[in-house]
Amino acid sequence: MSNKQKIIDIFQQALTYLAASVGAITLFMIIFFVFSNGYKLLDFGLLVNDYHAKFYNGGIEDEISYSNTIRPNNLDDEVFYSQKWGIGLKDDNDREGNPIIIVDFIADDSPLKNIYDKNNEEYEPLLLETGHLLSKISFYDKQTALTKYGAEYMIEALNSSDTFREIVYSSLGGGIRGSIITTFYLIGMTMAIALPIGIFTAIYLNEFAPKNKITSLLRSLIETLTGVPSIIFGLMGLAVFVPLTIQMTEATSANIISGSLTLAVILLPVIIRSTEESLKIVPDSFRSASLALGANHTQTTFKVVLPSAFPGIMTGTLLAVGRVIGESAALIFAIGTAVKDDISIFGKSTTLSVHIWSLMKDEPANIELASTIAVIILMIVLLLNIIVKFISKKLIKDLY
Amino acid sequence: MKNILKIMNLNLYYDEFQALKDINIDIENNKVTALIGPSGCGKSTFLKCLNRMNDLIEICSIFGEIEYKEENIYKPNYDVINLRTKVGMVFQKPNPFPMSIFDNVAYGPRCQGIKEKKRLEEIVISSLKSAALYEEVKDRMKKSALSLSGGQQQRLCIARAIAMEPEVILMDEPTSSLDPIATLRIEELINELKKKYTIIIVTHSMQQAARISDNTAFFLMGELIEFNKTDKIFTTPLQQKTEDYITGRFG
């Protein structure tokens, strides 16, 4: 080998390694950034809690039997404890960074277990539990204990009082359960609309359409659509699908159905392209073998070609699902930005990525919670990836 | 009826290029007819005309007549699907479908609307037996056909064609991608099959043509140079070109 050839070889190899490492490092850094910002807030409560905190106004009976429980040993040092009321409180910050007072411990014989709902005519009992946030206790004879005065003052005030006028507490809130449910609704409905249409269009283009100028024009149009910014589709969703769904269903505003329809339109070109690619790589020998056996064109397509292309179609579908999870711009118009806890397909709500968008648009932006949601999105995509890989592997093993 | 296929004045063009020139051949019932000739001489093209597989090539235009059982298969409204069930085909490279062995053989009958499980089983087993493959695969009918060896795959393709109960089997160089032992097995099989079926085989190996065929057609540059009994072709060819080819002076 000549010296010149050697130098060229080394240069090409170096270029390959350089490009690969730049790519890998970039991806790694993104994941590192997201994880390092987001891991602190990552807990199970985030996944299952409501976003909007529920507030309770409690009153207490005239006859109070005070607690006898002494401070348990396993409580943290930073917990302030009142033996009289059998409750331990702690200062903390919520996911948005605001100060909160959290109920760390409540004794079984605590009088605070016997409070009733002041907002309710029937005076139904309320249940104060560990994890609730105490926002206010107002007394008859002294200054109201508020969150901003801290847990220590609240305990002191309780200890020096025999009763109080009102206790206001809330659930933690800030959870993303609603957004997760919306995301899965959206994946399911979008796929239900886009997959059959996309796959059958691809089958038509690749197996049935005459090879002429109109077909190739159609194909280039579809390819062009993949490059249209998704926000344009979002405007289309707002102009077409939102009014359409309001007309035809009980919806009164942007809703999950209009969002799914919009996303389905965005995904169609992607699904058509990837399905066509997987149909193209099915060897022609399968087609001729089938036709030579007296099968007609339709039988050949659906019994031989489509099953052989199935693993490829699955991969394309996975990419499409990734697109659903990641899409935000189009959905801001087509589904709304209201973070909701009670999800209805006829109402506004947010997906995880729109949830990130609404967190980031506030001043100051809540990067930590946004990163936590990003981590969750990454995990969902990873999980889907593993499932699809597993299924395709099993299918390929059965086929080949 | 002695001749199951009659080819009359067959001309075939790929766009401007004439690939077959005025071919006239009568194919005898229950005989093995070998088509020999150098690469690109049109023998595979000719074979594909017989079950109209050339229909799939858009630039291909065909003139002349091919009579199968005294009916022109190129006449308008001729039932091509039915023709292909009667004139089966085995390809150069084994091309089993990526399905189980059973499903491969049952594919053709299923496409014809046979759904009854017992009937399908009968067809599959008898076809595999006819293709001398049954003993090797009877314990793994549900396994993927692609797990078989090349020779087994080719016999599976033959079984798949037999399952349609054809009258003619077209074979396009069926042993060209197989080793000598697998080739021998296929040749034995062809000898067995000709009792029931008319076989037309394209082959590059003149020894193979000599071993298995009753009649041999020699093609050159799209023309049929000579068509005769195999022993005549290989011992006393009438044409100089034939003699040159089989003695290895060109090709």
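Student: Which residue's side chain meets A:Asp50 in a salt bridge?

Tutor: That would be A:Lys54, with 3.8 Å from N to O. Keep in mind as we go that this is a predicted model.

Student: Okay, and how exposed are A:Asp50 and A:Lys54?

Tutor: A:Asp50 counts as partly exposed because its relative accessibility is 22%. A:Lys54 also counts as partly exposed, at 47% relative accessibility.

Student: How many salt bridges does a search of the whole structure find?

Tutor: The search gives 26 over all chains. One of the pairs joins A:Glu368 to A:Lys40, and their closest N and O atoms are 3.0 Å apart.

Student: Where do A:Glu368 and A:Lys40 sit in the chain?

Tutor: In distant parts of it, 328 residues apart. A:Glu368 belongs to helix 12 of chain A, residues 367-399. A:Lys40 is in the loop between helix 1 (3-38) and helix 2 (44-48) of chain A.

Student: Why does A:Glu368 count as partly exposed?

Tutor: Because its relative accessibility is 30%. With 48% relative accessibility, A:Lys40 counts as partly exposed too.

Student: Let's move along the chain. What does A:Glu223 pair with?

Tutor: A:Glu223 forms a salt bridge with A:Arg273, and the closest N and O atoms are 2.5 Å apart. A:Glu223 is in helix 5 (residues 213-225) and A:Arg273 in helix 7 (residues 256-280) of chain A, so this pair ties together parts that are 50 residues apart in sequence.

Student: Which residues are linked with A:Glu223 and A:Arg273 in a network of salt bridges?

Tutor: A:Glu277 and A:Lys280 join those two in the network. As for accessibility, A:Glu223 is partly exposed, with a relative accessible area of 35%. A:Arg273 is partly exposed as well, at 27%.

Student: Switching to the surface now. Which residues form the negative patch?

Tutor: The negative surface patch is made up of A:Asp76, A:Asp77, A:Glu78, A:Asp91, A:Asp92, A:Glu152 and A:Glu156.

Student: And which elements each supply at least two residues of that patch?

Tutor: Strand 3 (87-93) and helix 3 (150-159) of chain A. A:Asp91, for example, lies in strand 3. A:Asp91 counts as partly exposed because its relative accessibility is 38%.

Student: What about greasy stuff, which residues form the nonpolar patch on the surface?

Tutor: A:Leu27, A:Ile30, A:Ile31, A:Phe35, A:Leu42, A:Leu378 and A:Met379 form the nonpolar patch, with about 590 Å² of accessible area together. Helix 1 and helix 12 of chain A are the elements that give two or more residues to the patch.

Student: Which helix gives the largest share?

Tutor: Helix 1 of chain A, with 4 residues. A:Ile31 has its place in that helix, and A:Ile31 is partly exposed, with a relative accessible area of 40%.

Student: Last topic, the domains. How is chain A divided?

Tutor: Into domain 1, covering 52-170, and domain 2, covering 177-399.

Student: What distance separates the centres of domain 1 and domain 2?

Tutor: The centres of the two domains of chain A are 49 Å apart, taken over C-alpha atoms.

Methods. Residues are numbered from 1 along each chain as its sequence is written. Chains are lettered from A and ligands numbered from 1 in the order in which they are written. This is a predicted model: local features need pLDDT of at least 70, side-chain atom pairs count only at pLDDT 80 or more; totals for chains, interfaces and linings use all residues. Side-chain values use heavy atoms; hydrogens and water are left out. Patches are made of residues with over 30% relative accessible area and no salt bridge: like charges are joined within 9 Å, nonpolar side chains (Val, Leu, Ile, Met, Phe, Trp, Tyr) within 5 Å. Accessible areas come from the Shrake-Rupley method with a 1.4 Å probe; for residues, only the protein chains shown count as cover. A salt bridge is a side-chain nitrogen of Lys or Arg within 4 Å of a carboxyl oxygen of Asp or Glu. Lys and Arg count as positive and Asp and Glu as negative; His and the chain ends are not counted. The place of a charge is taken as NZ of Lys, CZ of Arg, CG of Asp or CD of Glu. Buried means under 20% relative accessible area, exposed over 50%, partly exposed in between (1.4 Å probe, protein chains only). Domain bounds come from an automatic or database domain assignment.
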